[in-house]
Amino acid sequence: MPNCNGKNGSTMVSAPDETRTGMVVRAIRDRIDARTLTPGARLPSIRAMAETSGVARSTVVEAYDRLAAEGVIRSRPGSGFYVAAPLAPLALDRLATMREREVDPLWMLRQSLGERRHELMPGCGWLPDDWLAGDALRKAMRGVARSDDEGTLAGYASPLGSPPLRALLARRMADQGIEAGPDQILLTDSGTHALDLVCRFLLQPGDTVLVDDPCYFNFLALLRAHRAMVVGVPMTPTGPDVAAFAEAAATHRPRFYLTNSAVHNPTGASLAAATAHRLLKIAEAHDMVVIEDDIFADFEHTPSPRLAAFDGLDRTIRIGSFSKSLSAAVRCGHIAARPDWIEGLADLRIATSMAGSPLAANLLHAVLTDGSYRRHVDGVRTRLARATAKVAKRLRALGIEPWIEPASGLFLWARLPDGVDAVDLARRALVEGIVLAPGPVFSTSGGWRDHLRFNVAMSDDNRLFAFLRSAVSHPSPDWAA
């Protein structure tokens with residue numbers, strides 16, 4: 001949406017001599033030009049747009065009328081306003097300008113995944129290479145190569161994936177209180193692939209999805225690719241704000257709610273049991289599906305409440321992966337859901353990517369069953385706990401305050417001193433070879449401009465703290481322009 005300042009609020013910035021109506025029109029056109037709104041996408045209601053933009057409802061009515069008269073949007077009686085205009089070709093010069101100007105989820109992904117191995121990566125979302133289970137994987141690869149009696153190195157997997165691995169995953173979920181038989185589990189190429197399949201299965205262009213604000217930035221990028229209308233719900237240390245969640249569900253009639261209920265990304269928060277029960281009641285009342293992305297589950301010392309456990313996988317879909325805890329090179333995620341939904345998801349998996357990798361599944365099964373993975377994650381949890389305490393102490397010494405003290409995981413969500421803008425700081429850090437994760441890339445509203453996400457496993461470096469000390473002492477004077 002428009003430029004935003006402040007912690008959670010959002011305020012449109014007008015050009016000189018621009019009317020308030022013109023300001024709303026321009027904001028919507030800019031989103032269409034930037035592919036944030038695509039044909040078929042539903043616009044916010046008049047009331048929601050007025051509140052978000054800080055203008056009167058009559059101003060929004062006039063702006064929507066003008067856009068409708070120009071054929072840019074269209075009204076559906078009883079449903080709302082939708083983008084109608086076809087997308088104009090995106091010129092290469094405009095694309096380059098957008099990439100230079102916008103600090104958004106795709107900007108964050110480009111910085112994290114670029115050829116920056118020599119640089120500091122406190123803003124990335126994974127463990128350092130030397131924290132991962134390289135020795136265990138090498139041992140597993142030798143074992144799998146010696147016992148290739150099921151076409152591991154040459155054949156296709158079955159539609160649902162390796163039966164032994166699915167049975168093992170079902171037993172592991174039972175330890176979290178989630179009852180799922182092997183026939184309720186579909187193996188995927190990764191957690192992101194799992195979420196993409198779920199979006200294909202559930203969404204039509206213009207459908208609304210609820211997410212936390214802040215949330216994992218790739219949720220926003222992927223939902224945008226599926227042409228969904230994304231609505232953020234303020235996050236609290238015990239889960240989403242329940243009153244705001246109920247209001248958003250009633251107002252927007254979302255198709256599903258997407259969250260990390262344990263080891264929340266980026267805040268590190270964990271869902272409280274009371275909050276989980278209230279969320280599921282609201283979801284049931286509004287016929288809303290819940291997608292629980294649980295890829296950080298193994299970083300927890302003690303399992304926290306799971307929506308999938310309370311719901312029994314009735315309207316909840318659970319997504320998991322080992323890319324963050326074992327190795328990003330072993331691409332194997334999974335989906336747990338109702339058997340009839342798994343059947344439809346498996347058909348989509350066949351249609352879009354045939355089948356998974358037997359090699360990845362057998363490697364993962366070997367590591368999970370020989371005791372090496374358990375020893376590995378025990379060590380990682382201990383290292384993360386020490387790193388969290390140390391990095392939090394060093395941040396506080398600079399006036400950078402963690403939002404909460406997370407019980408587990410690798411993230412600290414921290415507030416910058418007054419007058420320091422996270423986006424400006426991230427741009428300045430890149431010049432110094434440091435990749436930071438500014439608050440707005442995690443936010444549907446572009447808020448949290450005074451927050452950064454720190455990966456504690458990547459942040460205990462004197463070069464980072466030397467930069468932060470200088471940057472917070474001398475903030476850029478034009479950050480809010």
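How much space lies in the second largest pocket? About 980 Å³, going by this predicted model.

**Around the pocket**

Let's stay with that pocket for a moment. Its lining is made up of 43 residues, and the ones nearest its centre are Ser112, Leu113, Gly125, Trp126 and Ala328. Three helices each put at least two residues into the lining of the second largest pocket: α5 (105–113), α8 (191–202) and α9 (217–225). As for chemistry, the lining is a mix of 18 nonpolar, 13 polar and 12 charged residues.

Helix α9 is worth a look in its own right. It is mostly covered, with 7 of its 9 residues buried. Those buried residues are Phe217, Asn218, Phe219, Leu220, Ala221, Leu222 and Leu223. After α9 comes arginine 227, which has a positive phi, near 60°.

Helix α8 is where you'll find phenylalanine 201. Is phenylalanine 201 buried or partly exposed? Its relative accessibility is 27%, so it counts as partly exposed, since that class starts where the buried one ends, at 20%. Leaving out residues up to four places away in sequence, phenylalanine 201 touches Trp341, Gly344, Leu345 and Leu348. One of those partners, tryptophan 341, sits 140 residues away along the chain, yet the two C-alpha atoms are separated by 8.6 Å.

**The chain as a whole**

Stepping back, the protein chain has 17 helices and 14 strands. Of its 481 residues, 55% are buried. Long-range contacts are well represented too: among contacts with a separation of 6 or more, 74% are between residues 24 or more positions apart.

**Two nonpolar cores**

The largest nonpolar core holds 82 residues, and Phe256, Ile291, Ile335, Leu436 and Leu468 are the ones that touch the most other members. Apart from that core lies another, of 29 residues, with Ala136, Leu137, Ala170 and Ala361 among them.

What does phenylalanine 256 touch, not counting residues up to four places away in sequence? The list runs to Cys199, Leu202, Leu203, Thr208, Val209, Leu210, Leu223, Met288, Val289 and Ile291. Leu223 in that list is also one of the buried residues of α9.

Thr208 turns up again as a contact of histidine 252, along with Arg42 and Val231, once neighbours within four places in sequence are set aside. Histidine 252 belongs to helix α10 (residues 242–252). With 14% relative accessibility, histidine 252 falls under the 20% limit and therefore counts as buried. Its C-alpha lies 9.9 Å from that of valine 230, a residue 22 places away in sequence.

**Cysteines**

How many disulfides does the count come to? It comes to 0 disulfides. Cysteine 124 has a relative accessible area of 0%, so it is buried. Cysteine 199, one of the contacts of phenylalanine 256, has a relative accessible area of 1% and is buried as well.

**Backbone oddities**

Next come some backbone angles to check by eye. Here are two cis peptide bonds and two positive phi values, with where they sit.

| Site | Angle | Location |
|---|---|---|
| Aspartate 213 to proline 214, cis | omega near 15° | proline 214: loop between β4 (208–213) and α9 |
| Asparagine 265 to proline 266, cis | omega about 20° | proline 266: loop between β7 (256–259) and α11 (273–285) |
| Valine 263 | phi about 50° | loop between β7 and α11 |
| Methionine 354 | phi near 65° | loop between α13 (339–353) and α14 (358–369) |

The loop between β7 and α11 appears twice here, holding valine 263 and proline 266. Neither valine 263 nor methionine 354 is a glycine, although phi is positive in each.

Where do valine 263 and methionine 354 stand, buried or partly exposed? Valine 263 is at 1% relative accessibility, so it counts as buried. Methionine 354 comes in at 46%, between the 20% and 50% limits, and therefore counts as partly exposed.

Conventions
Residues numbered from 1 in each chain as written. Predicted model: local features only at pLDDT ≥ 70, side-chain atom pairs only at ≥ 80, totals over all residues. Heavy atoms only, no water. 1 Å grid on protein atoms, 1.4 Å probe; cavity = no way out; pocket = protein on both sides within 12 Å on 5 of 7 lines; lining within 4 Å. Points joined across faces, edges and corners; volume = space filled by probe spheres on them. Helix = DSSP H or I, 4+ residues; strand = E, 2+ residues; numbered from the N terminus. Nonpolar A, V, L, I, M, F, W, Y, C, P; charged D, E, K, R; others polar. Disulfide = S-S within 2.5 Å. Buried < 20%, exposed > 50% of the residue type's maximum accessible area, 1.4 Å probe, protein only. Core = buried A, V, L, I, M, F, W, Y, C linked by side-chain atoms within 4.5 Å. Contact = heavy atoms within 4.5 Å.
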